[in-house]
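This briefing goes through one chain by topic, beginning with its surface and overall build and then turning to its interior, its loops and the confidence of the prediction.

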Amino acid sequence: MRAWLDAFGDTVAAAAAMYVHPNTFRYRLRRVTEVGPLDLHDPDARFAAMLELRLAARATSDRTGPP
């Protein structure tokens, strides 16, 4: 999800960043929206997801220290 958000919705670029085939990435992205109630067509929902993912990553890095 984060790769897709970071690529501004470009599935091919996100798939390349994750080293998977674009069809595989599309399938996984579709499964994320099926498992969790997330509407990727809603800009507010995408923004909220991006914010939550970044805050979670920051909280994790704060606990583990600098890389």
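The chain exposes about 5,100 Å², of which carbon and sulfur atoms supply 60%. The model is a predicted one, and its secondary structure comes to 4 helices and 0 strands. Of the 67 residues in the chain, 18% count as buried.

**Overall build**

- Read along the sequence, the elements follow the pattern α-α-α-α, and the C-alpha atoms fill a box of roughly 35 × 25 × 20 Å when this is taken along the principal axes.
- If one takes the contacts between residues at least 6 apart in sequence, 40% of them join residues that are at least 24 apart.

**Nonpolar core**

- The largest nonpolar core has 10 residues, namely Ala3, Trp4, Leu5, Ala7, Ala14, Ala15, Phe25, Leu29, Leu40 and Ala49.
- Two or more residues of this core are given by each of the elements α1 (2-6), α2 (11-18) and α3 (22-35), and the largest share, 3 residues, comes from α1.
- As general background, nonpolar side chains in soluble globular proteins tend to be buried together.
- Leu40, one of the core residues, touches Met1, Trp4, Leu29, Thr33 and Arg46 when residues up to four places away in sequence are not counted.

**A buried threonine**

- Thr11 has its place in helix α2, and it counts as buried because its relative accessibility is 14%, where the cut-off for burial is under 20%.
- Leaving aside neighbours within four places in sequence, Thr11 is in contact with Trp4, Pro22, Phe25 and Arg26; among these partners, Trp4 and Phe25 also belong to the largest nonpolar core.

**Nonpolar surface patch**

- On the surface, Phe47, Leu51 and Leu55 form a nonpolar patch, and together these residues have about 320 Å² of accessible area.
- Leu51, one of the patch residues, is placed in helix α4, which covers residues 43-64.
- Leu51 has a relative accessible area of 42%, and it is therefore classed as partly exposed, since this value lies between the limits of 20% for buried and 50% for exposed.

**Loop residues with positive phi**

- Phe8 lies in the loop between α1 and α2, and it has a positive phi of about 55 degrees although it is not a glycine.
- With a relative accessible area of 78%, Phe8 is exposed, because the class of exposed residues begins over 50%.
- Tyr19 has its place in the loop between α2 and α3, and this residue, although not a glycine, has a positive phi of about 60 degrees.
- The relative accessibility of Tyr19 is 76%, so this residue likewise counts as exposed.

**Confidence of the prediction**

- The mean pLDDT of the chain is 88, and 91% of its residues reach 70 or more.
- Among the elements of the chain, α2 has the highest mean pLDDT (96) and α4 the lowest (85); Thr11 is thus placed in the element with the highest mean, whereas Leu51 of the surface patch is placed in the element with the lowest.
- As a general caution, predicted coordinates should not be read in detail where pLDDT is low.

Terms used: Residues numbered from 1 in each chain as written. Predicted model: local features only at pLDDT ≥ 70, side-chain atom pairs only at ≥ 80, totals over all residues. Heavy atoms only, no water. Core = buried A, V, L, I, M, F, W, Y, C linked by side-chain atoms within 4.5 Å. Buried < 20%, exposed > 50% of the residue type's maximum accessible area, 1.4 Å probe, protein only. Contact = heavy atoms within 4.5 Å. Patch = residues over 30% accessible without salt bridge, like charges linked within 9 Å, V, L, I, M, F, W, Y side chains within 5 Å. Areas by Shrake-Rupley, 256 points an atom, 1.4 Å probe, with all protein chains shown as cover. Salt bridge = Lys/Arg side-chain N within 4 Å of Asp/Glu carboxyl O. pLDDT = per-residue confidence, 0-100.
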